[in-house]
Amino acid sequence: MVGLTPLLRPPAPPALTSLTTRPRPSTKGCIPRWRPYSDGQVAGCVAAWDRLCNSIEMRRRQSIGATVDDADDNTSYASQPLLTPAVMDAARIPEPSFARAFLGLARRPRHIRQIAPGLSLPPAQGADFAAAQPFTNLPRSIPQWDGTVKEGIIPPVYIFFCETDATQVNISGWRCNFRGYWDNGKGRVPDGITFPSFVPPGVYTECLVRSEPEATEEGFRMLLPFNLYGARFSDGHEMKNHSADELFQHGFKPFGGHPRRPQRLERLLDHWASLVERGVWSVGPHGVQGSIEVFKDAKVNWADYTIPSSW
């Protein structure tokens, strides 16, 4: 009797791996959740920050004739972060969050105070940093008109500060999308919540609700107190002054995605480094020179104030 040849069982398929490092499951009370940023994105943002600081430091030393020993990265000071955990706790920065991870890993340069025209490092003192935050003391959950509760709000964190005498930014109405995260589902902020109408100009991390689709904590919003008619988005279209946070944003995304999805903070820092390296921005003893008004140049020299599309 001829023996039957056993059928060969095909090898088991390899375990599925994520095509991106973005999703990061976390658990609390056995309920799985997705973290809307990755360690790789934090590391990329810190690397872009280092590039910006190094570019400013090099130009600074050239402007004052300092020796290479004056560089921040040659001193023990370079190991100090932009903000310590205690300072971020005082300001109620969510833990974990992209803002907290970046601010805790990025170095605090010793000699640089201004990292862009009119924009400076966040104060290292907990009381000063906390007092300047317009949003981190707002509730993280909001009752909705239908009886449900919107939970998991990650507030914007004010990270790069403008000079104290600068004109405040009007974010009343829909001049900034931050307000929508604290409404009751019908365009109204519930009674008892004091949402600010005016905030300092500068750079803020993105606001989001972690349970919503396309939540992106690695984004930023730059709020400015003046219009930028003539400036352009990454897609080449002109800005129409529809909101206070249009500069350096995408515009239309031809391959899909939420229309309000922000640019990554990493790309902003890289772009600022290129403006320093190309001599578009001048550098003096304390860092990048000029006031926040320099950004009005985007209305004329718009190419310098547009982050090229990466798609």
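Reader: Why is Arg 92 called partly exposed?

Author: In this predicted model, the relative accessibility of Arg 92 is 38%. Buried would need under 20% and exposed over 50%, so Arg 92, in between, counts as partly exposed.

Reader: And where is Arg 92 found?

Author: Look in the loop between helix 2 and helix 3. Its backbone deserves a glance too: phi of Arg 92 is near 60°, a positive value in a residue other than glycine.

Reader: What makes a positive phi worth pointing out in residues other than glycine?

Author: Most residues other than glycine have a negative phi. Phe 248 is another case here, with a positive phi of about 70°.

Reader: Is Phe 248 buried or exposed, and how do you know?

Author: Buried. The relative accessible area of Phe 248 is 1%, and the cut-off for buried is under 20%, so Phe 248 qualifies. You'll find Phe 248 in the loop between strand 13 (220-223) and helix 5 (265-277). Phe 248 also belongs to an aromatic cluster, along with Trp 49, Phe 102, Phe 160, Trp 272, Trp 281, Phe 295 and Tyr 305.

Reader: How many aromatic pairs does the structure hold?

Author: There are 19 of them.

Reader: Take Trp 182 and Phe 195: why is that pair called tilted?

Author: Start with the distance: the ring centres are 5.7 Å apart, and a pair needs centres within 6.5 Å, so these two rings do pair. Then the angle: the planes sit at 45°. Stacked takes under 30 degrees and edge-to-face over 60, so 45° leaves tilted.

Reader: Where in the chain are the two partners, Trp 182 and Phe 195?

Author: Both sit in the loop between strand 9 (169-170) and strand 10 (198-199), 13 residues apart.

Reader: What makes Trp 182 and Phe 195 count as buried?

Author: Trp 182 has a relative accessible area of 0%, and Phe 195 comes in at 12%. The limit is under 20%, so both rings' residues are buried.

Reader: How do you know that Arg 232 sits over the ring of Trp 302?

Author: The charged end of Arg 232 is 4.5 Å from the ring centre, and the distance limit is within 6 Å. Lys 296 does likewise over the face of Phe 226, at 5.1 Å from the ring centre.

Reader: Back to the backbone: what is the peptide bond from Glu 95 to Pro 96?

Author: That one is cis, with omega near 0°. Most peptide bonds are trans. Pro 96 lies in the loop between helix 2 (85-90) and helix 3 (98-105).

Methods
Residues are numbered from 1 along each chain as its sequence is written. This is a predicted model: local features need pLDDT of at least 70, side-chain atom pairs count only at pLDDT 80 or more; totals for chains, interfaces and linings use all residues. Side-chain values use heavy atoms; hydrogens and water are left out. Rings of Phe, Tyr and Trp (its six-membered ring) pair if their centres lie within 6.5 Å; planes under 30 degrees apart count as stacked, over 60 as edge-to-face and the rest as tilted. Helices (H or I, at least four residues) and strands (E, at least two) are DSSP runs, numbered from the N terminus. Buried means under 20% relative accessible area, exposed over 50%, partly exposed in between (1.4 Å probe, protein chains only). A charge sits over a ring if NZ of Lys or CZ of Arg is within 6 Å of the ring centre and within 35 degrees of the ring normal.
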